[in-house]
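Me: Please take a close look at a single part of the structure shown below, and then set that part in the context of the whole chain.

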Amino acid sequence: MTYSWIAMLLLLGMAGCALEPGPNSAEPSNTTDSSPTSATTAEPATAAVLSVEVSGDPGAYEFTVTVRSPDTGCDQYADWWEVLSAEGELLYRRVLLHSHVDEQPFTRSGGPVAVSPEQVVIVRSHMHPSGYGTQAQEGSVATGFRAVTLPAGFATTLAQQDPLPADCAF
C-alpha cells in the first residue's frame, strides 16, 4: 500500500465511516430507501382464508375455516371470518375474540350456516383495523371450495353489520 491509501483508511476509520458503493456502482448499497413512494405503495395487512371444510346437515352446516393473518396483538388481528352469498349477502359471521399471534395459520369452526348443499358461497376474513382482504374461498358443500381473489371493495359495507366483536381479549 502506498502512503496515501494508508492515510485515507486511517481517516475513514477515525471518522467511524465505512466504504459504501455509490449510487452508480454495480454493488448494492446498504442505505434504506426512504422515498415517499416506498411508504405509500405498501399493502395493508390483511387476512386470507386458506381452506374451508363443511360438516353437518343441509340448512345447519358447520364450517371449519383456516385463516392466515399477520396478527401482532389487539392492535392488528383477524377479528372474524364470514360466509356470504355469491351476491355479497351476509349469511353467517364467526367473530374471533382474540389475536392469534403465535398460532398461524389458525383454524376455527362456526355454525349453523343455513345453506343448501348446492348453494355457492364465499368465505372470507376481516382484519382489524385494515378491513377485508381479497384472498377468499368460493364453492359449495356439494363441490368443495377453491381459492379465489375477490375484487377490491366487494361487499365492504358488511363490516358495519352485526355481529361485530365487542373487544379483543389479547
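Reply: Beyond its neighbours within four places in sequence, L97 is in contact (heavy atoms within 4.5 Å) with D167, C168 and A169. The model is a predicted one, in which local features need pLDDT of at least 70 and side-chain atom pairs count only at pLDDT 80 or more, while totals for chains, interfaces and linings use all residues. Residues are numbered from 1 along each chain as its sequence is written, and side-chain values use heavy atoms, without hydrogens or water.

L97 belongs to the loop that connects strand 4 (90–95) with strand 5 (106–113); strands are DSSP runs of E of at least two residues, helices runs of H or I of at least four, numbered from the N terminus. With a relative accessible area of 55%, L97 is exposed (over 50%; buried is under 20%, partly exposed in between, with a 1.4 Å probe and protein chains only). Its C-alpha atom is separated by 9.3 Å from that of A78, 19 residues away along the chain.

As for the whole, the protein has two helices and nine strands, and from the N terminus on these elements run α-α-β-β-β-β-β-β-β-β-β. Of its 170 residues, 34% count as buried. Among contacts between residues at least 6 apart in sequence, 59% join residues at least 24 apart. The protein exposes about 10,200 Å², of which carbon and sulfur atoms supply 56%, by the Shrake-Rupley method with a 1.4 Å probe.

The largest nonpolar core (buried Ala, Val, Leu, Ile, Met, Phe, Trp, Tyr and Cys joined through side-chain atoms within 4.5 Å) has 19 residues, and F63, V65, V67, W81, V83 and V123 have the most contacts inside it. Strand 1 (48–57), strand 2 (60–68), strand 3 (77–85), strand 5 and strand 6 each supply at least two residues of this core, and strand 2 gives the largest share, four residues. Another core lies apart from it, with 12 residues that include L90, I122, F154 and A159.

The lining of the largest pocket comprises 21 residues, with T46, Y132, G133, T134 and Q135 nearest the pocket's centre. Strand 6 (121–128) and strand 7 (131–132) are the elements that give two or more residues to this lining. A pocket here is an open set of points on a 1 Å grid where a 1.4 Å probe fits, with protein on both sides within 12 Å along at least five of seven lines, and lining residues have an atom within 4 Å of a point.
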